[in-house]
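Student: I'd like to take a close look at one charged residue and its surroundings. Could you walk me through it, and then place it within the rest of the chain?

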Amino acid sequence: MAACIFCKIIRGEIPSMKIFESEKTLAFLDIGPLSRGHSLVIPKYHGAKLHDVPDDQLSEVLSVARKIAIAQGLEDYNILQNNGRIAHQVVDHVHFHVIPKPNESEGLGIGWPTKQADKGELQKLLEEIKARM
């Protein structure tokens, strides 16, 4: 945690362009934006991945992301949260991106290579997930 860049921002050791702050949550403008208004919303609780952060510490995150989108008057935007290196997570502190998508060339650009699903396999997966929840 001591070396975590987001923890340093939370502690005020590194400056940020703060949009919102509460006891549990901090939101600020991304310094490497994909588009104008690209923002980050983070829980102050340090956890590398989403499942490392207690539910009560995540309670404001989507509400704050929503308020940022509304404040910017966004019509099209992405809310993105990555977990792990191969999932494109760079900073090991849970964070949610609010990425405005003003046009085809700005904002998040992704492919979505869907596959045909086997209904029997999906049913088995459904039962496995439900049993573990």
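Student: Is E21 buried, partly exposed or exposed, and what is its relative accessible area?

Tutor: Happy to take this one slowly. Please keep in mind that we are looking at a predicted model. E21 has a relative accessible area of 35%. Buried would need a value under 20% and exposed a value over 50%, so E21 falls in between and counts as partly exposed.

Now for its partners. E21 makes a salt bridge with K18, and the closest N and O atoms of that pair are 2.7 Å apart. The pair is also part of something wider: K18, E21 and K44 are joined in a network of salt bridges. By the rule used here, the count of salt bridges comes to five.

Two further salt bridges are worth setting beside it. In one of them, the side chains of R11 and E13 meet at 2.8 Å, N to O. R11 is partly exposed, with a relative accessible area of 43%. In another, the side chains of D92 and R85 come together at 2.9 Å, again N to O. Here the two partners fall into separate classes: D92, at 35% relative accessibility, is partly exposed, whereas R85 is exposed, its relative accessible area being 51%.

R85 also leads us to a useful counter-example, D30. This aspartate is buried and yet has no salt bridge. The nearest side chain of opposite charge belongs to R85, and it is 14 Å away. A salt bridge requires the nitrogen and the carboxyl oxygen to be within 4 Å, so that pair does not qualify. What D30 does have is a polar contact: its side chain reaches the backbone nitrogen of G32 at 2.7 Å. D30 sits in the loop between β2 (25–29) and β3 (39–43). If we set aside neighbours within four places in sequence, D30 is in contact with H38, S39, L40 and H97.

Another aspartate, D118, also uses its side chain on a backbone nitrogen. D118 caps the N-terminal end of α3, with a side-chain oxygen 3.0 Å from the backbone nitrogen of G120. Helix α3 itself covers residues 119–132, which is 14 residues. At 1.5 Å a residue, it should span 20 Å, and its end C-alpha atoms are indeed 20 Å apart, so the expected and modelled lengths agree. A131 lies in this helix. With a relative accessible area of 69%, A131 is exposed. From A131 to I79 is 52 residues in sequence and 28 Å in space, C-alpha to C-alpha.

Finally, let's step back to the whole chain. Its secondary structure amounts to three helices and five strands, and from the N terminus the elements follow the order α-β-β-β-α-β-β-α. The C-alpha trace spans about 50 × 35 × 25 Å along its principal axes. Of the 133 residues, 34% are buried; D30 belongs to the buried class, while E21 does not, being partly exposed. The accessible surface comes to about 9,200 Å², with 56% of it belonging to carbon and sulfur atoms. As for contacts between residues at least 6 apart in sequence, 52% join residues at least 24 apart.

Key:
Residues numbered from 1 in each chain as written. Predicted model: local features only at pLDDT ≥ 70, side-chain atom pairs only at ≥ 80, totals over all residues. Heavy atoms only, no water. Helix = DSSP H or I, 4+ residues; strand = E, 2+ residues; numbered from the N terminus. Expected span 1.5 Å × (residues − 1). Polar contact = N/O pair within 3.5 Å; in protein donor to acceptor, adjacent residues only side chain to side chain. Buried < 20%, exposed > 50% of the residue type's maximum accessible area, 1.4 Å probe, protein only. Lys, Arg positive; Asp, Glu negative; His and termini not counted. Contact = heavy atoms within 4.5 Å. Areas by Shrake-Rupley, 256 points an atom, 1.4 Å probe, with all protein chains shown as cover.
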